[in-house]
Amino acid sequence: MAERYVISGTTVATMADDGYGLIENAAIAIDADRIAWVGPEREVPPDFADSLRHDMSGRLITPALIDCHTHIVHGGNRAREFEMRLNGASYEEIARAGGGIVSTVAATRGASEADLLHSAMPRIDALIAQGVATVEIKSGYGLDQETELKMLRVARALGEVRPIRVVTSFLGAHAVPKGSDADSYIDEICIPALRAAHAEGLVDAVDGFCEGIAFDTAQIARVFDVAQELGLPVKLHAEQLSHLGGTALAAQYKALSVDHVEYATEADAKALAASGTVAVLLPGAFYTIHETQAPPVQAFRNHGVPMAVGTDWNPGSSPLGSLLLAMNMACTLFRLTPAEALAGTTRNAARALGLDDCGVIAPGMRADLTIWNVSDPAELSYGIGINPLHARVFGGVL
Ligand code: DI6
Ligand code: FE
């Protein structure tokens, strides 16, 4: 029989409006995997009056966290490059010298599905331990059909072996593999791989890397045209290291999100507002590659562009295993408010993934909740490397 119960003695940050949507002395009624009701404890609906109660002794409850941008399926690591960057080599110099993404490609092509699943397990467990209930996982380290599909199968498998919801993005347009040129790779490998991955039900969205060391807007547009033909939403790594016009292109395709966007402009912010596209901020990459140009957060605010925050957990530019730390970095490095940072890993992160059933505590939404050993929601961004998680509710299961 479906489980019906009440969580009481809590302060709830519903995230249902532009602030925290706080309800003091609150309770939440759960029916199976959905939220049935939320409000002041004294107003619990009569049909839950006799239900089991779990008292949270005043702890804070928020929607479970959503990491809307990760590359956690990959082979090998890039610690050696970390040392090279500490010795002065830039991210771009390493990439142009054959390191970077393409070096992870070799390790990922050489790994079996079982190897990739095994190496991703501690990463997804680390995210679950911080209260993440939904995670986006990209391909992009195969750059051939066999390995791109292998990565996406592993991403799907992670959602079957762990209590977490996985949303996948095809990122075949991540880098140009050795021995190929960008145009041939897009037409002869990337697009056929996208079609094959879609045919196997492995793709929830299509992503790309629009940058001087990767693909230009015309090449990305060819991939996005196929995504549209297949009925798939798009998103884009855009304006990370320079201004190439990726953000404007993504807005033309009504992308779910543009990600990084350090070099986005006021005009880009206006285009994103018109297209309803989320700006995903990735402070881990900004920090790791010693970037100095912060995203135009005030322009996003002025034009009402929703902002999300992700770890971008990848072996090169952002080996960041904490979404809570990403929230702290988004505040400290990009001057987000704590309320914006929490919206960035709940309400707006759901929007960046095209999900309308999570990220907010309201009747009918998934019962994915996090219960924190804090009283003030700002403490979630204030702590540096602190994890105050008390418990996680996933699909209604406490
Ligand atoms: N931008 C990034 O920062 C990552 N991918 C991308 O498009 C880098 C991934 C890596 O360095 O392995
Ligand atoms: Fe990324």
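1. In this predicted model, an oxygen atom of ligand 1 lies 2.7 Å from an N or O atom in the side chain of Arg 78, and Arg 78 is also one of the residues that come nearest to the ligand, together with Tyr 91, Tyr 141, His 174 and Ser 317, out of 13 residues around ligand 1.

2. Nitrogen atoms of the ligand have polar partners as well: one is 2.9 Å from a side-chain N or O atom of Gln 240, and for the side chain of His 260 the corresponding distance from a nitrogen atom of ligand 1 is 3.5 Å. The protein covers 100% of the 320 Å² of accessible area that ligand 1 has on its own, and the space taken by ligand 1 is the largest cavity.

3. Turning to the packing, the largest nonpolar core comprises 99 residues, and those with the most contacts inside it are Ile 137, Phe 170, Val 203, Val 206, Phe 300 and Leu 336. A second core, separate from that one, has 19 residues, including Tyr 5, Ala 26, Ile 28 and Val 360.

4. Phe 170 deserves a look of its own: neighbours within four places in sequence being left aside, the residues in contact with Phe 170 include Leu 152, Leu 194, Val 203 and Val 206, and also Ser 139, Glu 148 and Asp 207.

Key:
Residues are numbered from 1 along each chain as its sequence is written. Chains are lettered from A and ligands numbered from 1 in the order in which they are written. This is a predicted model: local features need pLDDT of at least 70, side-chain atom pairs count only at pLDDT 80 or more; totals for chains, interfaces and linings use all residues. Side-chain values use heavy atoms; hydrogens and water are left out. A nonpolar core is a set of buried Ala, Val, Leu, Ile, Met, Phe, Trp, Tyr and Cys residues joined through side-chain atoms within 4.5 Å. Buried means under 20% relative accessible area, exposed over 50%, partly exposed in between (1.4 Å probe, protein chains only). Contact means heavy atoms within 4.5 Å. A residue is near a molecule or strand if one of its heavy atoms lies within 4 Å of it. A polar contact is a pair of N or O atoms within 3.5 Å; within protein, one must be able to donate a hydrogen and the other to accept it, and residues adjacent in sequence count only if both atoms are side-chain atoms. Accessible areas come from the Shrake-Rupley method with a 1.4 Å probe; for residues, only the protein chains shown count as cover. On a 1 Å grid over the protein atoms alone, a cavity is a set of points where a 1.4 Å probe fits but cannot get out, and a pocket is an open set with protein on both sides within 12 Å along at least five of seven lines; lining residues have an atom within 4 Å of a point. A molecule sits in a cavity or pocket if more than half of its atoms lie within 2 Å of its grid points.
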